[in-house]
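Here is a relaxed walk through a structure you may not have met before. Keep the 3D view open beside the text and follow along.

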Amino acid sequence: MAKLTFKTDNCKGCGLCVNACPKHLLRIAPDKINKKGHHPAEITDQEACIGCAFCATMCPDCIIKVER
Amino acid sequence: MVVFDKPHALIDVPLHYCPGCTHGIIHRLVAEVIDELGIEGRTIGIAPVGCSVMAYNYFNCDMIEAAHGRAPAVATGVKRADPENHVVFTYQGDGDLASIGMAETVHAAARNENITIIFINNAIYGMTGGQMAPTSLPGQVTQTSPYGRDPKVCGYPIKVCEMLSELEGPEYLERVTVNNVKNVKNAKRAIKKAFQNQIDGKGFSLVEVLSACPTNWGMTPEKALQWIDDKMIPYYPLGVYKDRSAEKEDK
């Protein structure tokens, strides 16, 4: 099973990872705010993640760690 | 098993770039290439003036900050001081490389200086607030061209790769972009080749990366990546503009 770890406090909520996910599992959390004051990205269904690392490839801030 | 993590050559600090700015992706690609080639200890980066001026805070190698546009000249000096041991790269934006630093760029290319240049083309001056750059597209609205860039008044954009490819000097010129996963992988291949050329002593390698500036283009990050596809790539076609070693193999 794939596992995503987010460094939430470095996220700027740009949403590039959300658009890159082929399974549409990511979203910008509407109810959370990080240290920088942005809504951070989060994964909605960890079980369904295939670990393709497309999100991490598109992340400009390198906050996503992908394990498989 | 870790499939993807921050490369060692990128220091673990938050980047100062705007949300959705693709500078971060290109920083990471350069760092990944430095990791993969195992050259972190002998790499010296030259930071430009512009948004990426603080690149020296992000790369885990020695960095020098050059005067505006003079990064290729500084890189020349650093490389010539110890050509065997140093791997020298410059990381420059379009206002730095294509405007004030054009003379340095053209002459470094003409001399086939053995350095690697990563050229970020986002068609605007990002750091100073979105003024028209030499690479702004005809009709593009910027702070200093509120009715769109008029080629009759402001001339036409400079296509750096096409222009340099006419010179005898340069070894390798390629234009790539980072607006989707496929293009990011391709950009990494090009950047790796540019570094490898230098290690092999082949000469001047420049990779132009079409980059997004959502803040100054006035778009969402998603739309900005789409704008690269719709507007920038038709004007700045992707591809290899010069690769002397490949030409030799063909002959």
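A quick word first: pLDDT is the predictor's confidence in each residue, on a scale from 0 to 100. For chain B the mean pLDDT is 94, and 100% of its residues reach 70 or more. Yes, this is a predicted model, and its scores are ipTM 0.95 and pTM 0.95.

## Where the chains meet

Let's start with the contact between chain A and chain B. Chain A puts in 22 residues, and chain B puts in 22 residues. On the chain A side, helix H1 (16-20), helix H2 (54-58) and E4 of chain A are the elements that give two or more residues each. H2(A) makes the largest contribution to that side, with four residues. Sorted by class, the chain A side has 10 nonpolar, seven polar and five charged residues.

The two chains also share a sheet. It is an open sheet of three strands in the order E1(A)-E4(A)-E1(B), and the pairing is antiparallel. Strand E1 (3-6) of chain A and strand E1 (2-4) of chain B are the edge strands, each pairing on one side only. From one strand to the next, the twist averages 30°.

Now look at the link across the chains. Strand E4 (residues 64-67) of chain A pairs with E1(B) in the antiparallel sense, over two bridges. Within this pairing, A:Glu67 has B:Val2 of E1(B) as its bridge partner, while A:Val66 stands opposite B:Phe4 in E1(B).

## The sheet of chain B

Chain B has a sheet of its own to show. This one is open, with seven strands in the order E3-E2-E4-E5-E7-E6-E8 and mixed pairing. Why is one side of strand E3 (62-65) and of strand E8 (239-243) in chain B left without a neighbour in the sheet? Both stand at the edges with a single partner strand each, so one side of each has no neighbour there. The twist in this sheet averages 20° from one strand to the next.

At the E3 end, strand E2 (residues 43-47) of chain B pairs with E3(B) in the parallel sense, over four bridges. There, B:Ile44 has B:Asp62 of E3(B) as its bridge partner.

Helices come into the picture too. Helix H7 (residues 181-199) of chain B packs on the sheet, where it touches strand E4 (87-93), strand E5 (116-121), strand E6 (172-177) and strand E7 (205-210) of chain B. The direction of H7(B) makes about 160° with that of E6(B).

Helix H2 (residues 71-81) of chain B is mostly covered, with eight of its 11 residues buried. Among the buried ones are B:Pro72, B:Val74, B:Thr76 and B:Lys79. What do the buried residues of H2(B) pack against? Their partners are E2, E3, E4, helix H3 (94-100), helix H4 (102-110) and E5 of chain B.

## The nonpolar core

Time to look inside. The largest nonpolar core has 95 residues, and those with the most contacts inside it are A:Cys17, A:Cys55, B:Ile118, B:Ile191 and B:Val209. Helix H1 (residues 23-37) of chain B supplies the largest share of this core, seven residues.

Pick B:Ile191 and see who surrounds it. Setting aside its neighbours within four places in sequence, B:Ile191 is in contact with B:Leu29, B:Val30, B:Val33, B:Ile118 and B:Val207.

## A few residues to click on

Two residues have a positive phi without being glycines, and here they are side by side.

| Residue | Phi | Place |
|---|---|---|
| A:Cys62 | about 55° | loop between H2 and E4 of chain A |
| B:Asn112 | about 50° | loop between H4 and E5 of chain B |

Buried or exposed to some degree? A:Cys62 counts as buried because it has 23 C-beta neighbours inside 10 Å. B:Asn112 has 17 C-beta neighbours inside 10 Å, so it counts as partly exposed.

One last stop is B:Ile100, in helix H3 of chain B. B:Ile100 is partly exposed, with 17 other C-beta atoms within 10 Å. B:Ile100 and B:Gly69 are 31 residues apart in sequence, but their C-alpha atoms are 5.3 Å apart in space. Leaving out neighbours within four places in sequence, B:Ile100 is in contact with B:His68 and B:Gly69.

Key:
Residues numbered from 1 in each chain as written. Chains lettered and ligands numbered in written order. Predicted model: local features only at pLDDT ≥ 70, side-chain atom pairs only at ≥ 80, totals over all residues. Pairing = 2+ DSSP bridges. Axes fitted to C-alpha atoms, helices over the stretch in contact; angles between N-to-C directions. Contact = placed C-beta atoms within 7 Å. Nonpolar A, V, L, I, M, F, W, Y, C, P; charged D, E, K, R; others polar. Buried ≥ 20, exposed ≤ 12 C-beta atoms within 10 Å, placed from the backbone. Core = buried A, V, L, I, M, F, W, Y, C linked by C-beta atoms within 7 Å.
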